[in-house]
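The following explanation leads the reader through the fold of a single model. Please keep the sequence and the structure in view while reading.

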Amino acid sequence: MVALAAEALSMAGEAGAFLVVGEEKPNVMTMGWGTAGVMWSKPVLMAPVRHSRYTHALLENNDTFVVSVPAAGEMRDALRICGTRSGRDMDKVTAAGLRMGSAKEVRTPVVEGCAIHVECRVLQRSELDLTTLDGEDLARFYGNDAEGGDTHSLYFAQILACYRA
């Protein structure tokens, strides 16, 4: 399960993946960072989400999320829309032409047409401490955002299901 989740995150790092939060009216955000491994004797996926994102507010009030990863080169327009528009202002599912389907273990839906789905339950939330981050990475990935506080919360979530579609 962890190996397939790591493969999914590797694919996400190359082209992006959909992070889905919410049951009744799901919001979909494009993600490219994350890691998978074992913590607390459980298979875990860690998803970083910036404070400024609408998804962040939703994750603070939901205990499950899904990562749906398209096959290489597929769903590029939908990934672009979900990565550049805010769910605060629009229904990204409709705008991106996505179809949502039932997940196996959580009530949060999956994005249909993706190659891999990872269903997760949040175990722990942490704030990224930028004072310990390498200066080059701080400048490259945060720049002025670090001063404004737009950093990441790290969501450590137990992988409840991980499968190829």
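Why is strand E9 largely enclosed by the rest of the structure? In this predicted model, 11 of the 13 residues of E9 are buried, and the strand is therefore largely enclosed by what surrounds it. Buried here denotes a relative accessible area under 20%. The surroundings of E9 may be followed from its sheet to the helices.

E9 belongs to an open sheet of seven strands, arranged in the order E2-E1-E5-E8-E9-E4-E3 with antiparallel pairing. The edges are formed by strand E2 (27-31) and strand E3 (35-39), each of which pairs on one side only. On average, neighbouring strands of this sheet are turned by 35° against each other, direction ignored.

Within that order, E9 stands between E8 and E4. Strand E8 (residues 116-127) pairs with E9 (residues 152-164) in the antiparallel sense over 11 bridges. Along this pairing, Ile116 is placed opposite Arg164 of E9, and Val122 is placed opposite Ala157 of E9. E4 also pairs with E9 in the antiparallel sense, over seven bridges; here Met46 stands opposite Phe156 of E9.

Two helices can now be added to the picture. Helix H1 (residues 2-15) lies across E9 as well as strand E1 (17-21), E2, E3, strand E4 (42-50), strand E5 (64-69) and E8, and runs at about 155° to E3. Helix H3 (residues 76-84), in turn, lies across E1 and E2, running at about 100° to E2.

To return to the opening question, E9 is largely enclosed because 11 of its 13 residues are buried. Its pairing partners in the sheet include E8 and E4, and H1 lies across it.

Technical notes. Residues are numbered from 1 along each chain as its sequence is written. This is a predicted model: local features need pLDDT of at least 70, side-chain atom pairs count only at pLDDT 80 or more; totals for chains, interfaces and linings use all residues. Side-chain values use heavy atoms; hydrogens and water are left out. Two strands pair if DSSP finds at least two bridges between them. Helices (H or I, at least four residues) and strands (E, at least two) are DSSP runs, numbered from the N terminus. Axes are lines fitted to C-alpha atoms, for helices over the stretch in contact, and angles run from 0 to 180 degrees between N-to-C directions. Contact means heavy atoms within 4.5 Å. Buried means under 20% relative accessible area, exposed over 50%, partly exposed in between (1.4 Å probe, protein chains only).
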